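Colleague: Please take a close look at one part of this model, the later one in the sequence, and go through its local backbone first. After that, set out how it sits against the rest of the chain.

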Amino acid sequence: MANHSQLGFQDASSPIMEELVEFHDHALIVALAICSLVLYLLAHMLTEKLSSNAVDAQEVELIWTILPAIVLVLLALPSLQILYMMDEIDEPDLTLKAIGHQWYWSYEYTDFKDLSFDSYMVPTPDLPNGHFRLLEVDHRVVIPMESPIRVIITAGDVLHSWAVPTLGVKTDAIPGRLNQTSFITTRPGIFYGQCSEICGANHSYMPIVVESTPLPHFEAWSSLLSSS
């Protein structure tokens with residue numbers, strides 16, 4: 001959950017998000033080094049008189065041609081690695097189908113016979129004390145902790161986007177098309193997200209709440225919901 005005046009990312013709750021935060025820090029250090037070098041050279045050129053030998057040196061031209069190529073490789077390799085990791089889906093323990101509507105989400109646990117529900121935002125007058133306004137829902141998505149989860153995402157009317165920042169997940173929900181993503185939660189907790197596609201007048205009123213629990217708690221919850 002983001003805090004007021006927070007400058008960085010939310011705390012990572014999945015291995016993918018941990019990799020994304022690490023790559024962000026890596027790219028930020030590279031950008032900081034480039035900016036520092038450019039500022040130093042600008043200051044040096046403004047305060048010192050460069051000789052013609054320094055300006056026309058082939059060694060300098062060779063350096064400022066090869067050095068950017070090396071920097072791009074250092075940024076591209078970890079980026080490609082994370083992209084392939086995000087697309088990799090290996091034998092998930094649970095498959096969840098998320099369907100976007102105007103303006104709520106429907107969820108189906110495809111590994112269970114009759115386990116599905118609609119998830120609406122809780123109106124402000126009905127919000128219990130201590131819950132987050134515009135982020136709490138009447139039915140949370142409950143998943144087992146430390147288990148590979150596959151999410152199949154689509155929409156029933158217009159474009160939506162299923163996004164949970166702390167899990168490093170953001171996938172478009174497109175009518176007539178099934179997109180999929182996967183994640184593993186590394187700790188128990190409640191993770192908040194929202195539709196990240198402008199889908200109409202109430203676009204900002206269809207939040208996403210994922211609750212990660214130990215496996216015995218998830219089994220008890222699924223049995224209770226299936227029997228009701």
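**The second domain and its contacts**

Modeller: W103 sits in the loop that runs between β1 (94-101) and β2 (104-109). This is a predicted model, and in it the peptide bond joining Q102 to W103 is cis, with omega at about -5°. A second backbone feature is found at L134, which belongs to the loop between β3 (116-119) and β4 (141-144). The phi angle of L134 is near 65°, a positive value in a residue that is not glycine.

Both loops belong to the part you asked about. The domain assignment of the protein chain gives domain 1 as 13-85 and domain 2 as 92-224. UniProt, in an unreviewed entry, lists residues 91-224 under "domain: Cytochrome oxidase subunit II copper A binding". In the model, that span of residues 91-224 is 43% strand and 7% helix, and 26 Å separates the C-alpha atoms at its two ends.

Domain 1 provides the other side of the picture. The unreviewed UniProt entry places the feature "transmembrane region" at residues 26-43 and 63-84. Residues 26-43 are 100% helix and 0% strand, with their end C-alpha atoms 26 Å apart. Residues 63-84 are likewise 100% helix and 0% strand; here the end C-alpha atoms lie 32 Å apart.

Next, the interface. The C-alpha centres of domain 1 and domain 2 are 39 Å apart. Contact between them involves seven residues of domain 1 and nine residues of domain 2. About 590 Å² is buried between the two domains, and carbon and sulfur atoms give 50% of that area. On the domain 1 side, S13, S14 and M17 supply 70% of the area buried against domain 2, more than any other three residues.

As for the kinds of contact, the rule finds zero salt bridges across the interface of domain 1 and domain 2. Polar contacts are present, however: four residue pairs are counted between the two domains, with both residues at pLDDT 80 or more. The side of domain 1 that touches domain 2 is made up of four nonpolar residues, two polar and one charged.

To put the part together: residues 91-224 are 43% strand, the Q102-W103 bond is cis, L134 has a positive phi, and the interface with domain 1 holds polar contacts but zero salt bridges.

Definitions and conventions: Residues numbered from 1 in each chain as written. Predicted model: local features only at pLDDT ≥ 70, side-chain atom pairs only at ≥ 80, totals over all residues. Heavy atoms only, no water. Domains from an automatic or database assignment. Contact = heavy atoms within 4.5 Å. Buried area = accessible area lost by both parts, 1.4 Å probe. Salt bridge = Lys/Arg side-chain N within 4 Å of Asp/Glu carboxyl O. Polar contact = N/O pair within 3.5 Å; in protein donor to acceptor, adjacent residues only side chain to side chain. Nonpolar A, V, L, I, M, F, W, Y, C, P; charged D, E, K, R; others polar. UniProt positions renumbered as here; feature names shortened; annotations may be inferred. Helix = DSSP H or I, 4+ residues; strand = E, 2+ residues; numbered from the N terminus.
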